[in-house]
Amino acid sequence: MTSFQPSTSLRHQPPTSTQNVLSTTSSLLSSSATTTGGGGGIESHPTMGKWYMREYGLGPRRSVRLVSRRSSPENRYTSVTFVTAGGTTPIGALSFSGGGGVGAGVAVGNAFQSLAVAAGPRVSLYGGRNTGGTSDFTRALKAGGAVQRRREGREDDDDEGSVDLFGGKTKKGDEKEKGAKPSTTTLDDIDADRNVSTGGLLASCASHRSDSKLIAVGTEGGTVRICDANSRATLRTFSSTKSSGGGGGGDRKAIRSVAWLRDGKRVVAGGDDGLVRVWNVGYGGGGGGGSGGADITLRGHGDRVTCVTTVSFRRDEHRTGRKGSKAKKRSRDEQRSSSSAADDDDSSSGWSQLVVSGSYDHTLRAWDVTAPDGEDKCVSIMDHGDPVQAVLVLPPVPAGVRSSSLSSSSKLDNLPMLVSAGGTTLKVWNPFNGRCLGTFGTMHAKTITALCLLDVPSDDDGDDGESDTTKRKRHIITGGLDGLLRIHSADNGDIASGSLPYLHGMQVSEPISALAASRNASRLAIGTTTGVVTVYQRRRRPGTTSQSLASSQRKGDEPRHGTFSYFARGAHERSHDPDDYLLMHQKKQRLAEYDVLLRKFRYGDALDAVLAKRQPQAVIAVIEELGKRRGLTIALSNRDEESLDAILSFTIRFIDNPQYTPHLLGVSHILCDVYGSLHGQSAAVDELFVKLREKVANECGVQRMLLRLLGQIDFVMAAAAEE
């Protein structure tokens, strides 16, 4: 989870339009984005590009539909785009709850995953365990649901609207001609399931605890609120003020990033005052009461802290680079006086943790919060070279798990690593000694503002036809102010060899401010600076429905009474009795508007309605039906200048099409008979009739030339036959 931090240098950068970055994304915006070849454009990996388009729907719309055309609607990817209650306020942060865990099935995990969106004076929560079938967010992401069908219909209309069937300019062309920015974002009507209040302060960041029960919210007013995810109640409030013992830069400095420590009892935050603070959720901080000072205040940054995160590791495998840490042994008294630095659960399990912070002073710092008071807690300092916008942790590769691209293990598999983003570059670090493991350029044209890690099991089938769960894909996703989403391979073997291969990318209509991926990698959320959130849900592989149902039955999760899920329970049960009969319920087909009007014998309105659809085959079908009913003359009569313009434009455009000529010739005769006596009353209508006459004259001339050519060919063929 990363968040966007506005700064003086970034605030005055205008959003990059598609035309400005076309030179760096030409292959992605074309239909051949997944192929390799020559040219100077950026091209996706031939395999992974198609994988992301098929699994998540990331990529150009036409290419995505081409790749996923063989998937059934129930097993396709889904996506929703919506605006939060904050309106056009930039998305400060996105955070997914724990959900079903890494190994959970997609269907079960998705049902319990809550998305927290920090924007405006509240944190909006979408989905979750207690929403059941009443959540607009969960129902909208259902594959084959009504929302997805409506989205597909709107996308079809957009694709068809891009071609002018009437000889005029399309809407997009009109907007481009006027200098306006074309609106390509289709918004879904989705309301938040719960809203967490911030006391009127703007929410700048949010983070779920590992058990998804609590949410830490940072505000522009310098407070950190600990809220219950279900009841929305604020349990604790911490403030970064001068009275808290280390305000540094003054009162009410904004909190820019929050994170939970591994024990779930402490929260760490960094803000504009350049300090990193650690609070204990249980008793509210040392010496400050319920909202007093922090337990630990970490000083060292010379500018605002934009991001904080935690790195977990085992003590027996890694030692920090602090001088003398290996030789010094703490007594029990020192452990008690270290401000809750040692957690009982972590000590028993052998786990330790570092806090990592990134700042606009171009540095990252790793802190050992378990160090005794009076000892330097800074373990390492890493200089990125640019203001640090986001930091990401690459956890060690678990035992028995190998990369999907390399079968051999890497020397970095047991090492937790950091990825920092500043400017348009990424750097990978060893947090224990501050060593830079690699500097990698990206395909971004502007500052990278967000990072997230996508760690998914490989879906490559083995020899027995089953998926190999020991293989995993680990990819880094970057988003920037240029509206570009870039995906890079985070394989340890590639990092060790000094490369970060580019796999895939796509263009977003607005600058990206936040990214988040769910724990089981089934959902990817993108937040923009205009308050728009887009969530992509990975497609469900065939066979996961029964597995997820069995898993939910084993856990005893029953739908809540009064919800749609409770009403529809048992609808997907399979009968095991061969004597049972399955009755299929045929849904009533919804008629088009012009079909309804034809049933009401409103012939003129039916013709106007089908002309507005801009579908030539449908228009010809209605004209043919009107001819059978002997109602074509009625439909074409009594028209004003505007309605007559539509039918004349259509006739002029398609009268030379051999498929439509027989029908449109009759339409032309009727139009001339009905409106011939009105010549000279409307200059626009007279001009259209002149165009129709010229089009027919040109077509007749072409036909005469073809007939003469056909006669010459027949003469030559006959002469050749006589010889």
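The exercises below, each with a worked solution, concern the helices and nonpolar cores of a predicted model.

**Exercise 1.** Describe the overall make-up of the protein chain in terms of secondary structure, burial and contact range.

*Solution.* Begin with the secondary structure of the protein chain, which comes to 20 helices and 29 strands. Next take burial: of the 723 residues of the chain, 48% count as buried. Finally, restrict the contacts to those between residues at least 6 apart in sequence, and 64% of these turn out to join residues at least 24 apart.

**Exercise 2.** Identify the residues with the most contacts inside the largest nonpolar core, and the elements that give two or more residues to this core.

*Solution.* The largest nonpolar core has 35 residues, and those with the most contacts inside it are Leu607, Ile623, Leu636, Leu648, Leu664, Val667 and Leu671. Turning to the elements, two or more residues come from each of helix 14 (593-599), helix 15 (603-613), helix 16 (616-628), helix 17 (632-636), helix 18 (641-654), helix 19 (661-675) and helix 20 (683-722). A second core, separate from this one, has 34 residues, including Phe313, Met382, Phe432 and Leu451. For a single residue as an example, set aside the neighbours of Leu664 within four places in sequence; Leu664 is then in contact with Ile620, Ile623, Phe650, Thr651, Phe654 and Ile655.

**Exercise 3.** Classify the packing of helix 15 and helix 16, and list the residues that make the contact.

*Solution.* The two helices pack at an angle of about 165 degrees, with their axes 9 Å apart. Angles over 145 degrees count as roughly antiparallel, and helix 15 and helix 16 are therefore roughly antiparallel to each other. Their crossing is left-handed. Helix 15 contributes Tyr603, Leu607, Val610 and Leu611 to the contact, while helix 16 contributes Ala618, Val619, Val622, Ile623 and Leu626. By class, these residues divide into nine nonpolar, no polar and no charged.

**Exercise 4.** Carry out the analysis for helix 18 and helix 19, giving their relative orientation and the residue classes of their contact.

*Solution.* Here the angle is about 140 degrees and the axes lie 10 Å apart. Because this value falls outside the ranges for roughly parallel, roughly antiparallel and roughly perpendicular, helix 18 and helix 19 are oblique to each other. The crossing is left-handed. On the side of helix 18 the contact is made by Leu644, Ile647, Leu648, Phe650, Thr651 and Phe654, and on the side of helix 19 by Leu664, Val667, Ser668, Leu671 and Tyr675. Sorted by class, the contact has nine nonpolar, two polar and no charged residues.

Key:
Residues are numbered from 1 along each chain as its sequence is written. This is a predicted model: local features need pLDDT of at least 70, side-chain atom pairs count only at pLDDT 80 or more; totals for chains, interfaces and linings use all residues. Side-chain values use heavy atoms; hydrogens and water are left out. A nonpolar core is a set of buried Ala, Val, Leu, Ile, Met, Phe, Trp, Tyr and Cys residues joined through side-chain atoms within 4.5 Å. Buried means under 20% relative accessible area, exposed over 50%, partly exposed in between (1.4 Å probe, protein chains only). Helices (H or I, at least four residues) and strands (E, at least two) are DSSP runs, numbered from the N terminus. Contact means heavy atoms within 4.5 Å. Axes are lines fitted to C-alpha atoms, for helices over the stretch in contact, and angles run from 0 to 180 degrees between N-to-C directions. Angles under 35 degrees count as roughly parallel, over 145 as roughly antiparallel, 65 to 115 as roughly perpendicular and the rest as oblique. A crossing is left-handed if the near helix is turned anticlockwise from the far one by less than a right angle, and right-handed if clockwise. Ala, Val, Leu, Ile, Met, Phe, Trp, Tyr, Cys and Pro count as nonpolar, Asp, Glu, Lys and Arg as charged, and the others, Gly among them, as polar.
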